Amino acid sequence: MKKILLLLSCLFGSAIAVQAQSFANNDKGVFLRAELRALARSKSDGVAQRGMDVEAIVGYRFDGRFSLFIPVTATTGLFKAGGVKSYEQAGQLGLGFGYAPLHTTRDRLEIAVRAGNTLGGSWHFRYYDLGVRWEWADLKIPPFVGLGVCYQDCYKGGFSDYCFFYATVGFSIRWHRMKGR
């Protein structure tokens, strides 16, 4: 957990250093995003799992449509096998790409793909994610909601692979918007 907090601090510091840039276009620039995901129940090899993700993202929007971002995620998995309940926690670092087929001054619909890997602990997996997020773009700190699917490819620790559907909520901070442009 200390590694995750250190990594989040470094990413946040990098975003603050870049915020000194001036953006001529409202849709271009650095953004921070905080996200909370509830993962629907999944079952593999007789073991049921539910989960919750908390995620911080630092990214750059190249124009109104394309963005590249680095998600740092903390996952809590709740397992139930043979009537016995347990939980595991894992931190992940990933890379994502977003495309917004619909973006106006009021709304933004983004399709994002991302992949990443765990940073240690006893639960090791790679993840692959495809999600859709709708953002109210006309606010200074726009909230968003979304849906998606995530596949966890567990490769160490004796855990099975899982595929989840999820719902997400969160908000974004865009530095160029905070400057009053």
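Two strands are taken as paired here when DSSP finds at least two bridges between them. This definition underlies the tour that follows, which concerns a predicted model.

**The whole chain**

Begin with the complete chain in cartoon representation. The protein has two helices and eight strands, and along the sequence these elements follow the pattern α-β-β-β-β-β-β-β-β-α. Now display the strands alone. The eight strands form a closed barrel in the order β1-β2-β3-β4-β5-β6-β7-β8, and their pairing is antiparallel. From one strand to the next, the twist averages 25°. In general, strands of a sheet pair through backbone hydrogen bonds, in either a parallel or an antiparallel arrangement.

Two totals complete this overview. Of the 181 residues, 40% count as buried. Among contacts between residues at least 6 apart in sequence, 58% join residues at least 24 apart.

**Strands β2, β3 and β4**

Select residues 47-61, which are strand β2, together with residues 66-81, which are strand β3. These two strands run antiparallel and are joined by 14 bridges. Four residues lie between them, and the two strands form a hairpin. To locate one position of the pairing, centre the view on Ile57, which stands opposite Pro71 in β3.

Next, add residues 84-103, strand β4. Strand β3 pairs with β4 in the antiparallel sense, again over 14 bridges. Within this pair, Phe69 has Gly96 of β4 as its bridge partner. The two strands form a hairpin with two residues between them. In that turn, select Gly82, which has a positive phi of about 60°.

**A buried glutamate in β5**

Move on to residues 107-118, strand β5, and pick out Glu110 within it. Is the side chain to be regarded as buried or exposed? Glu110 counts as buried because its relative accessibility is 3%, where the cut-off for burial is under 20%.

Show the side chains around this glutamate. Two arginines make polar contacts with the side chain of Glu110: that of Arg33 at 3.5 Å and that of Arg108 at 3.3 Å. Expand the selection to the residues in contact with Glu110, leaving aside neighbours within four places in sequence. They are Arg33, Ser67, Gly98, Tyr99, Ala100, Gly131, Val132 and Arg133.

**Strands β6, β7 and β8**

One residue of that list, Gly131, leads to the next stop. Gly131 stands opposite Gly148 in β7. Select residues 124-136 for β6 and residues 143-156 for β7, an antiparallel pair with 12 bridges. These strands form a hairpin, with six residues between them. A further position to mark in this pair is Asp129, which stands opposite Cys150 in β7.

Strand β7 also pairs with β8, residues 162-174, in the antiparallel sense over 10 bridges. Here, select Pro143 and look across to Phe171 in β8, which stands opposite.

**The largest nonpolar core**

Switch to side chains and select Leu39, Val47, Phe79, Ala90, Trp123, Phe125, Tyr127, Cys150, Cys154, Tyr162, Phe164 and Tyr166. These 12 residues make up the largest nonpolar core. Colour the selection by element: β6, β7 and β8 are those that give two or more residues. Which of the elements gives the most to this core? It is β8, with three residues.

Within the core, centre on Phe125. Residues up to four places away in sequence aside, Phe125 touches Ala90, Gln92, Gly116, Asn117, Thr118, Gln152, Asp153, Cys154 and Tyr155. Two of these, Ala90 and Cys154, are also listed in the core.

**Two cysteines**

The tour ends with the sulfur atoms of Cys150 and Cys163. How many disulfides does the model contain? The count comes to zero. For Cys150, the nearest cysteine sulfur is that of Cys163, 7.8 Å away, whereas the cut-off for a disulfide is 2.5 Å. In turn, the cysteine sulfur nearest to Cys163 is that of Cys150.

The surroundings of the two may be viewed with the surface switched on. Cys150 is buried because its relative accessible area is 7%. Cys163 counts as partly exposed, since its relative accessibility is 41%.

Technical notes
Residues are numbered from 1 along each chain as its sequence is written. This is a predicted model: local features need pLDDT of at least 70, side-chain atom pairs count only at pLDDT 80 or more; totals for chains, interfaces and linings use all residues. Side-chain values use heavy atoms; hydrogens and water are left out. Axes are lines fitted to C-alpha atoms, for helices over the stretch in contact, and angles run from 0 to 180 degrees between N-to-C directions. A nonpolar core is a set of buried Ala, Val, Leu, Ile, Met, Phe, Trp, Tyr and Cys residues joined through side-chain atoms within 4.5 Å. Buried means under 20% relative accessible area, exposed over 50%, partly exposed in between (1.4 Å probe, protein chains only). Contact means heavy atoms within 4.5 Å. A polar contact is a pair of N or O atoms within 3.5 Å; within protein, one must be able to donate a hydrogen and the other to accept it, and residues adjacent in sequence count only if both atoms are side-chain atoms.
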